[in-house]
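The following note is offered to a colleague who is meeting this structure for the first time. Please read the numbered points with the model in view.

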Amino acid sequence: EDIKQNINFIKSRLVHELEKPLWNEGYIIKLINVRSLYSGLLLLGTKEEIKKATDIIEETLITYQQIPFQKFLDQIFASLAIGYFSLKQYEKVAECYKSYKKSTNGNSVNEENDITICAYYYASQWITTERKQYAEKLYNTFESTEEKENLKHVGVLIKNIMAYYNVPFLKK
């Protein structure tokens, strides 16, 4: 309950900060970062909040597409993929994945976000098609987290997704 209260407090503070006119005075990159943070917190909420988060992220990507913010792209696309997946909009997860790959030219800034985006994409493809290739790719993505201590929590996430959606744990 304390965590929920803290998250709600931070969300309300961010809404207040986002309403300030100072963002138009040359702070666009910081605005993008604050919008991304706010959206990330919304992803922890209700279905309506998750929808709001995806709307904000989509709007950010469109409105500021001419602004170079490559350092945040993988974070933004990861949040978008998680939002779409949570809303069971699996076709949008696929669109998000393709846009991410095109936007980053295969050069992700953060390996954790890259793996997360791939995992949600492969999981959504498994859910919609049940093709063995996506189960294999998802399992391989899981295995790629096993070698690195800083990615163990992403491995747990992938393992939980695989268990929840009955994705077969395939071994070569």
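1. The model under discussion is predicted. A convenient place to begin is Asn113, which belongs to helix 6, the element spanning residues 111-129.

2. Is Asn113 buried or exposed? Its relative accessibility is 16%, and because buried means under 20%, Asn113 counts as buried.

3. The surroundings of Asn113 deserve attention as well. Leaving aside residues up to four places away in sequence, Asn113 touches Asp74, Gln75 and Ala78.

4. Gln75 also appears in the lining of the second largest pocket, together with Ser36, Leu37, Gly40, Leu41, Leu43, Leu44, Ser79, Ile82 and Ser86. The space in this second largest pocket amounts to about 170 Å³.

5. Helix 2 (28-42) and helix 4 each contribute at least two residues to the lining of the second largest pocket. By character, that lining comprises five nonpolar and five polar residues, with no charged ones.

6. The largest pocket holds about 400 Å³ of space. It is lined by 16 residues, and those closest to its centre are Leu61, Leu73, Phe77, Ser99 and Ser103. Two or more lining residues come from each of helix 3 (47-63), helix 4 (70-86) and helix 5 (90-104).

7. Which kinds of residue make up the lining of the largest pocket? Nine are nonpolar, four are polar and three are charged. The lining of the second largest pocket, by contrast, has no charged residues.

Notes:
Residues numbered from 1 in each chain as written. Predicted model: local features only at pLDDT ≥ 70, side-chain atom pairs only at ≥ 80, totals over all residues. Heavy atoms only, no water. 1 Å grid on protein atoms, 1.4 Å probe; cavity = no way out; pocket = protein on both sides within 12 Å on 5 of 7 lines; lining within 4 Å. Points joined across faces, edges and corners; volume = space filled by probe spheres on them. Helix = DSSP H or I, 4+ residues; strand = E, 2+ residues; numbered from the N terminus. Nonpolar A, V, L, I, M, F, W, Y, C, P; charged D, E, K, R; others polar. Buried < 20%, exposed > 50% of the residue type's maximum accessible area, 1.4 Å probe, protein only. Contact = heavy atoms within 4.5 Å.
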